[in-house]
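The following exercises practise the reading of a protein model, from single residues to pairs of packed helices. Please attempt each task before consulting its solution.

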Amino acid sequence: MKRWIAPLLIAGFAVGCTSNEEKVRKVLDRALVECGAAEGPFAEVTVVEGKDELLKEVCALGASDLNMIDEYHATALVGPYTFTVGVDNETGVWVLTQIDWESLADARRALAGGDPPKDARERAEPAFEKAQQELPTSTWIREQRFENLLAIRKLERNKDEDRVALGSAVQKLLDENARWANDTQQEAHGAALRLRVVRYQKDFAAALENSFGNLGGSDEHLEATIRQAEKDGDKEGAKKYRETLQKERSERPAKIARMQGEIVAARKAACEQISLVDPNVLDGEARAQAVAMKSGTKCTPDAFEPPDPADYMDTDEDSQ
């Protein structure tokens, strides 16, 4: 594979390049320099009709596989991106017309917006998987794919008997990335994913704890509905609502016991992951967050005692 790097091209061109090839390479050089100067995971690069975005980490890969399609059109690869260069109809100058990486573009398009629905996230997963195969060195793609699968799991977990478990897809991806991070000395990547799981489990435990306060919240409404039905002479309606109230009350102890067990299990799962995180493999703010999370995650035996629902419920004294 014939490859060149932007800084080398700026200094001079290989002997034997045609004039058009040289012009195309200058266009590519400018794009790669612009990409390298950007901040953040994505760089905006100037194309003939505005800006196209590309993952900044590919800029250092340089360009390869220059293909002069004809005297007016050419393509080249920059990592998995295809750069298209052409002669501008108005000026006659070679310009960058398009940058494209289909799989990553499909994944990002599916997740566009503040809170993508489940079907959009499901469309993004195979696109992320393909993008990861095309650029396996990208920690950004790996982390975004993991985040997306974890979000899908959150939306689906109520259908699972074991709601604390990450689910087979998320667990498999976590294990794969942990091995990859170890094999490639990308310890920061492995730590980032584990910290994400810690937040996920702690958030689930907190949501369950908060829901204790809603237990029995419909009782008063049902009791009032029963009284109104009886007042209206609606015996069948009163009977139906009374049965509903009795059913909810009879099922409540089992529901509380399940929630208590899930809270303990989620705390244990968080502690298992946080124990595997070394904040020293991270830098800057990420390291500070890891340190704070480790110190803020209680993993002593008393943390695994089932919580008392009464501790989370409002009382008449509290409301005064």
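**Exercise 1: A residue in a helix**

Ile256 lies in helix α9. The model is a predicted one. Task: determine whether Ile256 is buried or exposed, and state which residues Ile256 touches beyond four places away in sequence.

Solution.
Step 1. The relative accessibility of Ile256 is 18%. Buried means under 20% relative accessible area, so Ile256 counts as buried.
Step 2. Not counting residues up to four places away in sequence, Ile256 touches Phe212, Leu215 and Pro309.
Step 3. For a distance in space, take Gly167: Ile256 and Gly167 are 89 residues apart in sequence, and their C-alpha atoms are 23 Å apart.

**Exercise 2: A charged residue**

Task: state in which helix Glu209 lies, and determine whether Glu209 is buried or exposed.

Solution.
Step 1. Glu209 belongs to helix α7.
Step 2. With a relative accessibility of 15%, Glu209 counts as buried.
Step 3. Leaving aside neighbours within four places in sequence, the contacts of Glu209 are Ile263, Arg267 and Tyr312.
Step 4. Between Glu209 and Trp180 there is a separation of 29 residues in sequence and of 36 Å in space, C-alpha to C-alpha.

**Exercise 3: Positive phi angles**

Most residues other than glycine have a negative phi. Task: describe where Asp65 lies and where Gln185 lies, and classify the accessibility of Asp65 and of Gln185.

Solution.
Step 1. Asp65 is not a glycine, although its phi is positive, at about 55 degrees. Gln185, also not a glycine, has a positive phi of about 55 degrees.
Step 2. Asp65 lies in strand β4, residues 63–68, whereas Gln185 lies in the loop between α6 and α7.
Step 3. A relative accessibility of 32% makes Asp65 partly exposed. Gln185 has a relative accessible area of 56% and is therefore exposed.

**Exercise 4: The length and cover of a helix**

Task: check whether the span of helix α4 agrees with the value expected at 1.5 Å a residue, then list the buried residues of α4.

Solution.
Step 1. Helix α4 runs over residues 118–134 and has 17 residues. The expected span is 1.5 Å times one less than the number of residues, and for α4 this gives 24 Å.
Step 2. The end C-alpha atoms of α4 are 25 Å apart, which agrees with the expected value.
Step 3. The buried residues of α4 are Ala120, Arg121, Ala124, Glu125, Ala127, Phe128, Ala131 and Gln132.
Step 4. Among the elements that cover these buried residues of α4 are α3 (102–110), α5 (139–156) and α6 (168–183).

**Exercise 5: Three pairs of packed helices**

Two packed helices are described by the angle between their axes and the distance between the axes. Task: describe the packing of α5 with α6, of α6 with α7 and of α8 with α9.

Solution.
Step 1. The axes of α5 and α6 are 9 Å apart, and the angle is about 160 degrees. Since angles over 145 degrees count as roughly antiparallel, α5 is roughly antiparallel to α6. Their crossing is left-handed. On the α5 side, the contact includes Phe146, Leu149 and Leu150, and on the α6 side Leu173, Leu174 and Trp180. By class, this contact of α5 with α6 has eight nonpolar, two polar and three charged residues.

Step 2. The axes of α6 and α7 (residues 187–211) come within 7 Å and cross at roughly 155 degrees. The two helices α6 and α7 are therefore roughly antiparallel to each other, and their crossing is left-handed. Leu174, Asn177, Ala178, Trp180 and Ala181 in α6 meet residues of α7 that include His189, Leu193 and Val197. The contact of α6 with α7 has six nonpolar, three polar and two charged residues.

Step 3. Helices α8 (residues 219–231) and α9 (residues 235–274) pack at about 160 degrees, with axes 8 Å apart. The angle makes α8 roughly antiparallel to α9. The crossing of α8 past α9 is left-handed. Residues of α8 including Leu222, Glu223 and Ile226 meet residues of α9 including Tyr241, Leu245 and Arg249. By class, the contact of α8 with α9 has six nonpolar, three polar and seven charged residues.

Terms used: Residues are numbered from 1 along each chain as its sequence is written. This is a predicted model: local features need pLDDT of at least 70, side-chain atom pairs count only at pLDDT 80 or more; totals for chains, interfaces and linings use all residues. Side-chain values use heavy atoms; hydrogens and water are left out. Axes are lines fitted to C-alpha atoms, for helices over the stretch in contact, and angles run from 0 to 180 degrees between N-to-C directions. Helices (H or I, at least four residues) and strands (E, at least two) are DSSP runs, numbered from the N terminus. Angles under 35 degrees count as roughly parallel, over 145 as roughly antiparallel, 65 to 115 as roughly perpendicular and the rest as oblique. A crossing is left-handed if the near helix is turned anticlockwise from the far one by less than a right angle, and right-handed if clockwise. Contact means heavy atoms within 4.5 Å. Ala, Val, Leu, Ile, Met, Phe, Trp, Tyr, Cys and Pro count as nonpolar, Asp, Glu, Lys and Arg as charged, and the others, Gly among them, as polar. Buried means under 20% relative accessible area, exposed over 50%, partly exposed in between (1.4 Å probe, protein chains only).
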